[in-house]
Amino acid sequence: MPSKHGPVRSRTVAPRRAAVAALVAVVLPLTACGSLLGQSPADAEGEDAAITLTVSTFNNFGYTDELLAAYTKDHPNVTVEHIVAPTSDEARLQMLKAYTTGDGAELADVVAAEVDWMPELMQHPDLFEDLTDAEVTKRWVDWKVAQATTPEGKLLGYGTDIGPEAICYRADLFEAAGLPSERGEVAALLGGKDATWERYFDVGRQFSEQSDVAWFDGATGMFQGMINQLPAAFEDPATQKPTDLATNSEVRSVYDQITTAIGDDLSAGLVQWTPEWTAGFQQDAFATMLCPGWMMGSIEINSEGVQGWDVANVFPGGGGNWGGSFLTVPSAGAYTEEAKELAAWLTAPEQQTQAFTEAGVFPSQLKAQDSEAVQGYIHPFFNDAPVGKIFTERSLSIDGAPYKGPYYFAIRDEVNNALTAVDTGSSGPEIAWNQAVQTVGDLRVKE
């Protein structure tokens, strides 16, 4: 399919199908590495013994050196080392590798887990400390706590952020295409409270008639935002079993909307978090993005020197939550009690408020959401948008968390593979869909 968007449409994507299939196979037999479990050495050495606590996160959690220094100032015997993986996928691979090879002790003392792979961890609650604590468990929105709580009531993670979604856009590119560019006008253009995906793509076609720039960055990010609005995209909540992708009309509808938009040349064909995607911000490769709060940090970093980004208080299809994470404490750690204390401190409203102003990660803590610092926060890079108020309003439209079971991540990746194949021109929509159906069907047979 020829493209008017130039070279940014030609992408080479490393195959991930075999790796995903292998991960599905190894997640299930995880064991607790029992010899690594036990008391905290600090208990035997005394409360003031010098210790080092490691914290592993990914992307940008807003945990600056200054924030961590505030903790060590109040805990002079503790040194905190922060390890940052480039992406959530890489962090997930590191955790699974550590457990499946029996090297759970090599994990950090506090490990961040993204919501989409929490269901995998929930299958093995004995690998993690129970973080239930009456003093802190009322901090969060109820559905956030539910995402990290096992059926038996064990809390495996303290919530960091949630991802209420808005639309980030390039006002300068809108102006050049003759479209309204002020954030209130853009929200109205996309349908306001009645915004739909059909309207979003139709406006994209209007934009495309007047511009050589793509409407959105790529299929995988679009798919993630859209399926997050489905109550149970890939699995039956009652049985936790994968549903038949071949007859999954809701997912197929989303797939068809995106591949139609690709066929209409609205996508830049970029896979998020790749070098090509990063470069696209500097190349005016696309005009809009689905934008949870945490995405603002990546946009700002990748768009250094680029003017024109803004945020519209609107999202097609109503409310949507993309992402959000938790801090877990692996039971194999040497200092589990001290790690719990650090995890509780990092997810306290005060620290999460600071993380929001640092990196745009919208807090899941109610007190933090209502704070003056969040409500009054203006983001200079996004044309002084009142992002605190915008994302608070977007969060109010979220009814709850969709069901994501132990197979969610693997099945989602298979459909993503299909969309990427279409988006990069290596396959047609029907062929790519049938391949995903076959692979997911094999998973159901094994189950």
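Is S427 buried, exposed or partly exposed, and why? S427 counts as partly exposed because its relative accessibility is 21%, and the buried class requires a value under 20%. The model described here is predicted.

**Surroundings of S427**

S427 sits in a loop, with helix α19 (408-423) on one side and helix α20 (429-446) on the other. Leaving aside residues up to four places away in sequence, S427 is in contact with A421, V422 and A432. With A432 there is also a polar approach: the side chain of S427 reaches the backbone nitrogen of A432 at 3.5 Å.

**Helix α13**

A contrasting environment is found in helix α13, which spans residues 295-302 and is mostly covered, with 6 of its 8 residues buried. The buried positions are M295, M296, G297, S298, I299 and N302. In general, residues three or four places apart in an α-helix point the same way, because such a helix has 3.6 residues a turn.

**Confidence**

The average pLDDT of the protein chain is 89, and 88% of the residues score at least 70. Residues 1-39 have a pLDDT below 50, yet this stretch makes 76 contacts in the model beyond near neighbours in sequence.

**Empty space in the model**

Rolling a probe the size of a water molecule over the atoms shows where empty space is left. The structure holds 2 cavities of 30 Å³ or more. The second largest cavity and the second largest pocket are set out below.

| Space | Volume | Lining by class |
|---|---|---|
| Second largest cavity | about 40 Å³ | 2 nonpolar, 3 polar and 1 charged residues |
| Second largest pocket | about 420 Å³ | 12 nonpolar, 6 polar and 2 charged residues |

The lining of the second largest cavity is formed by V115, Q147, N228, N321, P402 and K404. The second largest pocket, with a volume of about 420 Å³, has 20 lining residues, and those nearest its centre are M122, A146, Q147, Y403 and K404. Helices α5 (118-122) and α6 (142-147) are the elements that give two or more residues to this pocket lining.

Two residues link these descriptions. Q147 belongs to the lining of the second largest cavity and is also among the residues nearest the centre of the second largest pocket. K404 likewise lines the cavity and appears in the group nearest the pocket centre.

Technical notes. Residues numbered from 1 in each chain as written. Predicted model: local features only at pLDDT ≥ 70, side-chain atom pairs only at ≥ 80, totals over all residues. Heavy atoms only, no water. Helix = DSSP H or I, 4+ residues; strand = E, 2+ residues; numbered from the N terminus. Buried < 20%, exposed > 50% of the residue type's maximum accessible area, 1.4 Å probe, protein only. Contact = heavy atoms within 4.5 Å. Polar contact = N/O pair within 3.5 Å; in protein donor to acceptor, adjacent residues only side chain to side chain. pLDDT = per-residue confidence, 0-100. 1 Å grid on protein atoms, 1.4 Å probe; cavity = no way out; pocket = protein on both sides within 12 Å on 5 of 7 lines; lining within 4 Å. Points joined across faces, edges and corners; volume = space filled by probe spheres on them. Nonpolar A, V, L, I, M, F, W, Y, C, P; charged D, E, K, R; others polar.
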